Amino acid sequence: MASKIRRIYTYTNQQGKEQTILINGTSSKDTDKKFQAFLAGVAAIPQAETPTLTQFINDTFRPGFMEGLCGTTIANYERYIRLYIGPFMGQMKMREITVATIQTFYNWLAADSAAGQKRELNRCTIERISGLTSRIFKVALEMGIVEDTPFKKTILRIRAHRGGHHKALPDAEVSRIKREIPALRDERQRLYMALLVYTGMRREEVLGLGWENIHLEEGYGEVKRVVVYPNNGRAVVREGAKTEASERTFLIPDALREILLLIHGETEDGPASYSTLQRTYYAAFKTLGIYRKFNNHDWRATFGTQLKEQGMSSALVADLLGHSDTRMVETVYARKRQEGILKHRQEVESLNAFR
């Protein structure tokens, strides 16, 4: 018998998405019956096994998408996974993780003592953790493991303080420390601090320098390798820098030339141990009166900020810091500060002078 009516039914599939189906029948009662039979069939179909987030990271993301990254990036990713991503939602099925889950995750990271930390995480750190988690879901989406990503920037909010992440030291403090560095009795401390202060290099870049990278007569050096400590363990020397842009030339001012007596790590025994490194810069920071106030990377921010305030373009600052574009310079390493604005008072006075 030919069908007499056609009806469209709406239902929710196993992935939680609303779908429609067209059913032909001899009557409304007949199409209703067929629709109920269809729903029973859908319910009987076993849902494809969805991995947990931890399973996907271990089986797919870590071996396929983390290998080949520089040591410091891998170390940061592993720390984010171990301390934050894994404990909060590692055992959840990836398809069960929603926008609401991610918002709760952000709130948890910003809360006091999250994951047993001494202090709440600031916005910059949460953005980095978010960037890694979002990248994991992007890979899963393109592989068909999930049908959508829960990272919706127009909805999600990070309610955390901006924090003192990578803050520039005041100019007066920088001048004082530059005067005091030559007086540091320990040669290793003297060299380490001088390279941090005068070049804005990353810690691992300072430790990777060799005399063959230094050209004192010409007044420049080259970043060609790094020394990293995976999981705070044994030193590993890696040829090449963090990124292609990080392998670069840095300038050696006369004040630094006077201090470059010995390159840290360039000994017969190879790079210093992690504990030796810790003792070196902790002792130097304590002697200079900046222990617990500033960290290694703050000197990188200081260098970039002072260059920018001297009128150097963001593009050139990025080149000197080893970044491929200006985004990190403008958002992290050379943010505007009141001290920098006040340096331009003379220009404003000149602009407004009566003639």
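**Confidence, a buried threonine and a small set of strands**

Reader: What is the mean pLDDT of the chain?

Author: Happy to start there. This is a predicted model, and 86% of the residues in the chain reach a pLDDT of 70 or more. The mean pLDDT of the chain is 81.

Reader: Which element of the chain has the lowest mean pLDDT, and which the highest?

Author: At the low end, strand β2 (residues 18-25) has a mean pLDDT of 72. At the high end, with 93, is helix α6 (residues 171-180). So the names you want are β2 for the lowest and α6 for the highest.

Reader: How many contacts does the stretch 261-268 have beyond near neighbours in sequence?

Author: A word of care comes with this one: the pLDDT over residues 261-268 is below 50. Where pLDDT is low, the predicted coordinates should not be read in detail. In the model, the number of contacts for this stretch, beyond near neighbours in sequence, is 22.

Reader: Is Thr101 buried or exposed?

Author: Thr101 sits in helix α4, which spans residues 99-110. Leaving out residues up to four places away in sequence, Thr101 touches Phe88, Met89, Met92 and Glu96. Its relative accessible area is 13%, and the cut-off for buried is under 20%. Therefore Thr101 is buried.

Reader: In β7, which residue is the bridge partner of Tyr220?

Author: Let's place the strands first: an open sheet of three strands runs in the order β3-β4-β7, with antiparallel pairing. Its edge strands are β3 (214-215) and β7 (249-251), each pairing on one side only. Strand β4 (residues 220-222) pairs with β7 over three bridges. For Tyr220, the bridge partner in β7 is Leu251.

Key:
Residues numbered from 1 in each chain as written. Predicted model: local features only at pLDDT ≥ 70, side-chain atom pairs only at ≥ 80, totals over all residues. Heavy atoms only, no water. pLDDT = per-residue confidence, 0-100. Helix = DSSP H or I, 4+ residues; strand = E, 2+ residues; numbered from the N terminus. Contact = heavy atoms within 4.5 Å. Buried < 20%, exposed > 50% of the residue type's maximum accessible area, 1.4 Å probe, protein only. Pairing = 2+ DSSP bridges.
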